[in-house]
Structures are given as structure tokens and as C-alpha cells.
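Thanks, everyone. I'll put the model on the screen and walk through it, starting with one helix.

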Amino acid sequence: MDFSQLSAEISAAIRDVPDFPKPGIIFKDITPVLQNPKLLSETAYYFVHQNMSLHADKVVSVESRGFIFGSILANDLHAGFVPVRKKGKLPGDVISTAYTLEYGIAELEIHKDSIRLGDRVIIHDDVLATGGTVAAAIDLVEKLGGKVVGICFLIELSFLGGRERLKGYPVQSLVVY
Ligand code: AMP
């Protein structure tokens, strides 16, 4: 299926916010996509169409914007949804990993009981920038014995080289800048 028309419409809807959350960053605001019923539903359809043949057991997403399409995708694929959160937010037993992102350094955590040995896992986030966040999510999933079978983004900032950092994993993005 050809999603180039959807990609163009999403690209037109995304709002560039200069110098947010700090000087020099052009923030890609996806809220105009979310508030448009047609774009919301077609984007959800895109993600399920691209991932349905992967037979995933879990969709793992990174807080907080990754949760939006990640949970819709998990529901549509009849998979479980697993949140990856910043340090101190998950209440159960966790494992953690340190990571760097386009504008900071932090630690991410996942519940120890969220992934079973051999689970087929799709990782989703809204934006692929340097790839540090999703590399950390991969690390967490693999430490728990999951197999990353797909990684999908709404937006890829290709000039930041995130795809090279995720080399060896199947990466898909709807809109590439
Ligand atoms: P990275 O780890 O560098 O790939 O950064 C990806 C994470 O940071 C994602 O969770 C994004 O939500 C967020 N992010 C990084 N850069 C941007 C940007 N320019 N606009 C919006 N979100 C961004």
C-alpha cells in the first residue's frame, strides 16, 4: 500500500516549534495530527498495516508521546502494551539503563515482569532523533529476553543519524526529514 499521500499530509500538519525545549532544537509537535480525526485514524491504520505480519506479543513505547500510537498499535495488533518510563516512575520491580538524547541525559526503566523470554516486541516512539532513546529501549527489552522484531516512528530526523545507530534492526518511519 502507498502511504506517500498520508506522509505528505502528516508532514504538512506537524508544527515546528523553534527553540523548544531549549535553544537550537526545532521541536516537532504532533498535537495537530492527534487532534485531526482523519489523520489520527489513518496514522493508526498505517502503523497496524506495516506491523501486522510481525506477529508481535508486545508493543513497547517510550514516555510520553510514544504512548499515544504505541497503545493504539498494541490494541490493533492484539498485543500487550509495555511502557518504558523515566527513572522513578514505574511502581514495580524494574531494570534500568542510562541513555543520551538530543537534549539531555537520563535513565529509562521497564518493569521486570513486562517481557517474557522469547516475546516478539515492536518498539514505537513518535520521533527518531539521535536514536539514543530507542537504543536504550532495545537494551531493556533484550535484557529481559525479548526479541525486537520491528521499530516504528511517526517522524525520523534523518540528519541526526539515528537509523545508523539502530543498524541491524528493521526501522520504519512515516515522515522523514
Ligand atoms: P533521540 O533519543 O535523540 O532519538 O530522541 C528521541 C526522543 O526525544 C523521542 O522520545 C522524542 O519524543 C524526543 N525528541 C527528540 N528530538 C525531538 C524533536 N526535534 N522534536 C520532538 N521530539 C523530539
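Helix 3 covers residues 37-51, which is 15 residues. From its first C-alpha to its last it reaches 21 Å. That is close to the 21 Å expected at 1.5 Å a residue. Keep in mind that this is a predicted model.

Look at the start of helix 3. A side-chain oxygen of N36 comes to within 3.0 Å of the backbone nitrogen of K38.

Now, which residues of helix 3 are buried? They are L39, T43, A44, Y46, F47, V48 and N51. And what covers them? The cover includes helix 1 (4-13), helix 2 (31-34) and helix 4. It also includes strand 7 (120-128), strand 8 (147-156) and strand 9 (171-176).

Two of those strands deserve a closer look. Take strand 7, where H124 sits. Is H124 buried or exposed? It is buried, because its relative accessible area is 1%, and buried means under 20%. The H124 side chain reaches the backbone oxygen of C152 at 3.0 Å. Leaving out residues up to four places away in sequence, H124 touches a long list. F47 is on it, and so are F69, G66 and G70. V60, S61 and V62 are there too. C152, F153 and L154 complete the list.

Next, strand 8, which holds V148. V148 is buried as well, with a relative accessible area of 8%. Again leaving out residues up to four places away, V148 touches V121, I123, I138, V141, E142 and Y169. One distance to note here is V148 to K58. They are 90 residues apart in sequence, yet 9.6 Å apart in space, C-alpha to C-alpha.

On to the aromatics. How many aromatic pairs does the structure hold? Six. In F20 and F27, the ring centres are 5.1 Å apart and the planes stand at 85 degrees, so this pair is edge-to-face. The two partners differ in burial. F20 has 43% relative accessibility and counts as partly exposed, while F27, at 10%, counts as buried.

Another pair is F67 with F81. Their ring centres are 5.7 Å apart and their planes are at 90 degrees, so they are edge-to-face too. F67 lies in helix 4 (residues 66-77) and F81 in strand 4 (residues 80-86), so this pair ties together parts that are 14 residues apart in sequence. Both rings belong to partly exposed residues: F67 has a relative accessible area of 22%, and F81 has 30%.

There is also a cluster. F3, Y45, Y46, F47 and F69 form one aromatic cluster. Y46 and F47 you have met already, as buried residues of helix 3. F47 and F69 are also among the residues H124 touches.

One charge over a ring, then. K28 lies over the face of Y177, at 3.8 Å from the ring centre.

Let me step back to the whole protein. There are six helices and nine strands. The C-alpha trace spans about 40 × 40 × 30 Å along its principal axes. What radius of gyration does the protein have? It has 15 Å. A compact globule of 177 residues would have one near 16 Å, so the two agree. Buried residues make up 47% of the 177. Finally, take contacts between residues at least 6 apart in sequence. Of these, 60% join residues at least 24 apart.

That's the tour. Over to you for questions.

Definitions and conventions: Residues numbered from 1 in each chain as written. Predicted model: local features only at pLDDT ≥ 70, side-chain atom pairs only at ≥ 80, totals over all residues. Heavy atoms only, no water. Phe/Tyr/Trp six-rings, centres within 6.5 Å; stacked < 30°, edge-to-face > 60°. Buried < 20%, exposed > 50% of the residue type's maximum accessible area, 1.4 Å probe, protein only. Helix = DSSP H or I, 4+ residues; strand = E, 2+ residues; numbered from the N terminus. Lys NZ or Arg CZ within 6 Å of the ring centre and 35° of its normal. Expected span 1.5 Å × (residues − 1). Contact = heavy atoms within 4.5 Å. Polar contact = N/O pair within 3.5 Å; in protein donor to acceptor, adjacent residues only side chain to side chain. Rg over C-alpha atoms; globule rule 2.2 N^0.38 Å.
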